[in-house]
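Reader: I'd like to learn how to read a structure like this one. Could you walk me through it, one feature at a time?

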Amino acid sequence: MKLRIKFAKSGCMKFIGHLDIMRYFQKAIRRAGIDIAYSEGFSPHQIMSFAAPLGVGLESEGEYLDIQVHSASSSRQMAKALNQAMTEGMKVRSVRRLPEDGKNAMSIVAAADYFVRFYGDCSQEFDAFMARKEISVVKKTKKNEVMLDIRPLIYDFRREESGIFLKLATGSVNNLKPELVMETFFSWIGKEWDPFCCQVCRLDLYAWADGRKPEEDAVSEESGAVLADCFISLEELGEVIGGVE
């Protein structure tokens, strides 16, 4: 049986790297008594995978972990047991059962929502920054540097009173980090990017709905944003066990 766990990461835990988060969940799952499946061989390990590693220093309300289990209780009971094994700054939001033929989150994640909260008044010029048809940046690879237009990878945005909402391409094919967007924005307004001038929180992760991808008919003529119904939350791809979550 495949399960998808949605969890939040905040406070001091935002400074814990991905490999340590993986080890943390391995221990929490054992302490919670989850009947997780192990791989075979001389060095068996818990069968688990994360949707998209979160950068160090970023908080999140919507991270995902897929695991395989031999048996399961209700979604509510498993979430409660996991939260009792959690430390401050980590909280399980939901546990859902996936279809047997469901793909793991890592292979299908396509977009992520972020909220960037500024410590100061820097967001006023963001509309003008996003009004450009092309936003070119130099992106470093292992071998060289390439010029990349990141505008098509910003699926949606809006400026709010306390910061900026972003929906960005995320995954193995196209992946845009909010830090790169902010660094490029600050350079455009003639200021030096300081990671401590704002707090970034990932809100949720999405797959393409019904296998759709952003074609011309999926883009709003008014805003140029990819239409919301092109995406589905990774949480919604699973079902609640036991009827109540």
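**Reading the model, feature by feature**

Author: Let's start at the surface: Lys177 has a relative accessible area of 53%, so this residue counts as exposed. Keep in mind as we go that this is a predicted model.

Reader: Where is Lys177 placed?

Author: Lys177 sits in the loop between strand S9 (163-169) and helix H5 (178-188). Try measuring from there to Gly55: the two are 122 residues apart in sequence, yet 8.7 Å apart in space, C-alpha to C-alpha.

Reader: Let me try another residue. Is Ala28 buried or exposed?

Author: Ala28 is buried, because its relative accessibility is 1% and the cut-off for buried is under 20%. You'll find Ala28 in helix H1. Its C-alpha is 6.6 Å from that of Met86, with the two positions 58 residues apart in sequence.

Reader: And how does Tyr155 read, buried or exposed?

Author: Tyr155 has a relative accessible area of 6%, so it is buried too. Look for Tyr155 in strand S8 (residues 154-160). Asp113 is 42 residues away along the chain, and the C-alpha atoms of the two are separated by 9.7 Å.

Reader: What about Val240, which lies in strand S12 (residues 239-240)?

Author: Val240 is a case in between: with a relative accessible area of 26%, Val240 is partly exposed. Compare its position with Leu205, which is 35 residues apart from Val240 in sequence and 18 Å apart in space, C-alpha to C-alpha.

Reader: Now for the aromatic rings. How do I describe a pair of them?

Author: A pair of aromatic rings is described by the distance of the centres and the angle of the planes. Here, a search of the whole structure turns up 14 aromatic pairs. Take Phe7 and Phe50: their ring centres are 6.3 Å apart and their planes stand at 90 degrees, so this pair is edge-to-face.

Reader: Which parts of the chain does the pair of Phe7 and Phe50 tie together?

Author: Phe7 belongs to strand S1 and Phe50 to strand S2 (residues 48-50), so the pair ties together parts that are 43 residues apart in sequence. Both Phe7 and Phe50 are buried.

Now set that beside Phe126 and Phe129, whose rings form a tilted pair, with 5.5 Å from centre to centre and 45 degrees between the planes.

Reader: How many residues apart are Phe126 and Phe129?

Author: They are three residues apart in helix H4 (residues 126-130), so about one helical turn separates them. Phe126 counts as buried because its relative accessibility is 0%. Phe129 is buried as well, with a relative accessible area of 0%.

Reader: Which residues do ring pairs link into a cluster?

Author: The cluster is made up of Phe126, Phe129, Phe157, Phe185, Phe186 and Trp188, linked by ring pairs.

Reader: Where do I look for a charged residue over a ring?

Author: Look at Arg158, which lies over the face of Phe165, 4.1 Å from the ring centre. Then find Lys167, which lies over the face of Tyr206, at 3.8 Å from the ring centre.

Reader: Next, cysteines. What is a disulfide?

Author: A disulfide is a covalent bond between the sulfur atoms of two cysteines. In this model the count is zero disulfides. Cys201 is in no disulfide, and the nearest cysteine sulfur, that of Cys198, is 12 Å away.

Reader: Are Cys198 and Cys201 buried or exposed?

Author: Cys198 is buried, with a relative accessible area of 6%. Cys201 counts as buried at 13% relative accessibility.

Reader: Last topic: cavities. How many of 30 Å³ or more does the structure hold?

Author: The structure holds one cavity of 30 Å³ or more. The largest cavity has a volume of about 100 Å³. Its lining is made by Phe7, Lys9, His18, Ile21, Phe50, Ala51, Ala52, Pro53, Leu54, Glu63 and Tyr64.

Reader: Which elements give two or more residues to that lining?

Author: They are strand S1 (2-9), helix H1 (18-31) and strand S3 (59-68). By residue type, the lining of the largest cavity divides into eight nonpolar, one polar and two charged. Among the lining residues you'll spot Phe7 and Phe50, the two buried rings of the edge-to-face pair.

Note on methods
Residues numbered from 1 in each chain as written. Predicted model: local features only at pLDDT ≥ 70, side-chain atom pairs only at ≥ 80, totals over all residues. Heavy atoms only, no water. 1 Å grid on protein atoms, 1.4 Å probe; cavity = no way out; pocket = protein on both sides within 12 Å on 5 of 7 lines; lining within 4 Å. Points joined across faces, edges and corners; volume = space filled by probe spheres on them. Helix = DSSP H or I, 4+ residues; strand = E, 2+ residues; numbered from the N terminus. Nonpolar A, V, L, I, M, F, W, Y, C, P; charged D, E, K, R; others polar. Phe/Tyr/Trp six-rings, centres within 6.5 Å; stacked < 30°, edge-to-face > 60°. Buried < 20%, exposed > 50% of the residue type's maximum accessible area, 1.4 Å probe, protein only. Lys NZ or Arg CZ within 6 Å of the ring centre and 35° of its normal. Disulfide = S-S within 2.5 Å.
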